[in-house]
Amino acid sequence: MRRKNSLIIPAVLAFSLCTVTAVPVLAEDAAQTEAEADTASDEASDAAEDTADTPYEKGTITETDYQSEWLNLKFTPPETVVMNTEEELESVMRQGQSTLEKSSGMELGEDALSGTVYEMMASSVSGFPNVSLVVEDASLENMTVDQYFLAAQQMLDATQMGYTYSEVTDAQIGGQDFRVMETSVTINDYEVLQKYCTRKQGGKFVSIILSYTADTQTEADEVLAAFTPLNADTEAAPAE
């Protein structure tokens, strides 16, 4: 009986975004050259509890934006970034899983990505930066985000591509608290940087995964800044 490999989404996305989306662009570039405080606190706490108790529901993708009531997040892409369709996102994920299996020698199986929802993906017209948002069931109820990152690192290390990792830090994205792990990997002599921004909410891991290069750092910052609260009057669910 094959045991389901949970926590593979960061690894699959790493391959998807680096090998499916990015490598053709890199090859093209190389060819071309290179008072109330207490009351307010209580109200905020009550609102957060209401949000936390809301059943999970997948967000919606349009040509112009992404919206999620459950996450209370909205993404409006910058001018040079295009929203990918759900069909395009699923295609990238399938190709990424196939590449990961070949590189790591692991057979993930058809159920490897069960319990996972690919919420959205958006890509720069030049390939970098690109961003995805994924929601994944927590396989262990008490697992923390930092432990999730350690498991993700093991999956990435299994590819033997030479990933390096930063210390995990904290950040606010769209008014919500995230833990952030930064990685670096070299593909075809070209360095690809990634940020895994993850929070745990409602027993699920929510990951915003940003891929970029050193010379697209400014655009990458703009992409993260494009995540905003969907409803400004709604308190975000607390991170677990």
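**Exercise 1. Strand partners in the open sheet**

Which residue is the bridge partner of leucine 73 in β12? Place this pair within its sheet.

*Solution.* The model is predicted. Step 1: the partner of leucine 73 in β12 is proline 229. Step 2: β3 and β12 run antiparallel and are joined by three bridges. Step 3: the two strands belong to an open sheet of four strands with antiparallel pairing, in the order β1-β2-β3-β12. Step 4: β1 and β12 (227-229) are the edge strands, each pairing on one side only.

**Exercise 2. Following the chain from β9 to β11**

Determine how β9, β10 and β11 are joined, and identify the turn residues with positive phi.

*Solution.* Step 1: β9 and β10 run antiparallel, with nine bridges between them. Within this pairing, methionine 181 stands opposite tyrosine 196 in β10. Step 2: the two strands form a hairpin with two residues between them, and asparagine 188 in the turn has a positive phi of about 50 degrees. Step 3: β10 pairs with β11 over nine bridges, again in the antiparallel sense. Two bridge partners in β11 illustrate the register: serine 207 for threonine 198, and tyrosine 212 for leucine 193. Step 4: the hairpin of β10 and β11 also has two residues between the strands, and glycine 202 takes a positive phi near 60 degrees.

**Exercise 3. The surroundings of β10 and β11**

Decide whether β10 and β11 are buried or exposed, and find a further pairing of β11.

*Solution.* Step 1: ten of the twelve residues of β10 are buried, so this strand is largely enclosed by the rest of the structure. Step 2: in β11, nine of nine residues are buried. Step 3: the side chains of β11 are sorted by direction. Lys204, Val206, Ile208, Leu210 and Tyr212 point one way, whereas Phe205, Ser207, Ile209 and Ser211 point the other way, and all are buried. Step 4: β11 also pairs with β6, in the antiparallel sense and over eight bridges. There, isoleucine 209 of β11 is the bridge partner of serine 132.

**Exercise 4. The nonpolar cores**

Which residues touch the most other members of the largest nonpolar core, and which element gives the most to it?

*Solution.* Step 1: this core has 27 residues, and those touching the most other members are Tyr66, Phe75, Met120, Val131, Leu133, Ile208 and Phe227. Step 2: the elements giving two or more residues include β3 (73-75), β5 (116-124), β6 (130-137), β10 (190-201) and α5 (217-225). β11 gives the most, with four residues. Step 3: a separate second core of 15 residues includes Val145, Leu156, Met181 and Ile187. Step 4: valine 131 of the largest core is examined singly. Leaving aside residues up to four places away in sequence, valine 131 touches Phe75, Met120, Met121, Ala122, Ile208, Ile209, Leu210, Val223 and Phe227.

**Exercise 5. Aromatic pairs and charges over rings**

Characterise the pairs of tyrosine 56 with tryptophan 70 and of tyrosine 163 with tyrosine 165, and locate the charged groups over rings.

*Solution.* Step 1: the model has four aromatic pairs. One of them joins tyrosine 56 and tryptophan 70 edge-to-face, at 4.9 Å centre to centre and with 90 degrees between the planes. Step 2: tyrosine 56 lies in the loop between α2 (37-52) and β1 (60-61), and tryptophan 70 in the loop between β2 (66-68) and β3, so the pair ties together parts 14 residues apart in sequence. Step 3: tyrosine 56 is partly exposed at 25% relative accessibility, whereas tryptophan 70 is buried at 4%. Step 4: tyrosine 163 and tyrosine 165 form a stacked pair, at 6.4 Å centre to centre and with 10 degrees between the planes. Tyrosine 163 is buried, with a relative accessible area of 8%, and tyrosine 165 is partly exposed at 25%. Step 5: the charged end of lysine 204 sits over the ring of tyrosine 56, 5.0 Å from its centre. Arginine 199 lies over the face of phenylalanine 178, at 5.8 Å from the ring centre.

**Exercise 6. Confidence**

Over which residues is the pLDDT below 50?

*Solution.* Step 1: the mean pLDDT is 78, and 71% of the residues reach 70 or more. Step 2: values below 50 occur over residues 1-8, a stretch with 22 contacts beyond near neighbours in sequence. They also occur over residues 19-51, where there are 33 such contacts. Step 3: where pLDDT is low, predicted coordinates should not be read in detail.

How values were computed. Residues are numbered from 1 along each chain as its sequence is written. This is a predicted model: local features need pLDDT of at least 70, side-chain atom pairs count only at pLDDT 80 or more; totals for chains, interfaces and linings use all residues. Side-chain values use heavy atoms; hydrogens and water are left out. A nonpolar core is a set of buried Ala, Val, Leu, Ile, Met, Phe, Trp, Tyr and Cys residues joined through side-chain atoms within 4.5 Å. Buried means under 20% relative accessible area, exposed over 50%, partly exposed in between (1.4 Å probe, protein chains only). Contact means heavy atoms within 4.5 Å. pLDDT is the predictor's confidence in each residue, from 0 to 100. Rings of Phe, Tyr and Trp (its six-membered ring) pair if their centres lie within 6.5 Å; planes under 30 degrees apart count as stacked, over 60 as edge-to-face and the rest as tilted. A charge sits over a ring if NZ of Lys or CZ of Arg is within 6 Å of the ring centre and within 35 degrees of the ring normal. Two strands pair if DSSP finds at least two bridges between them.
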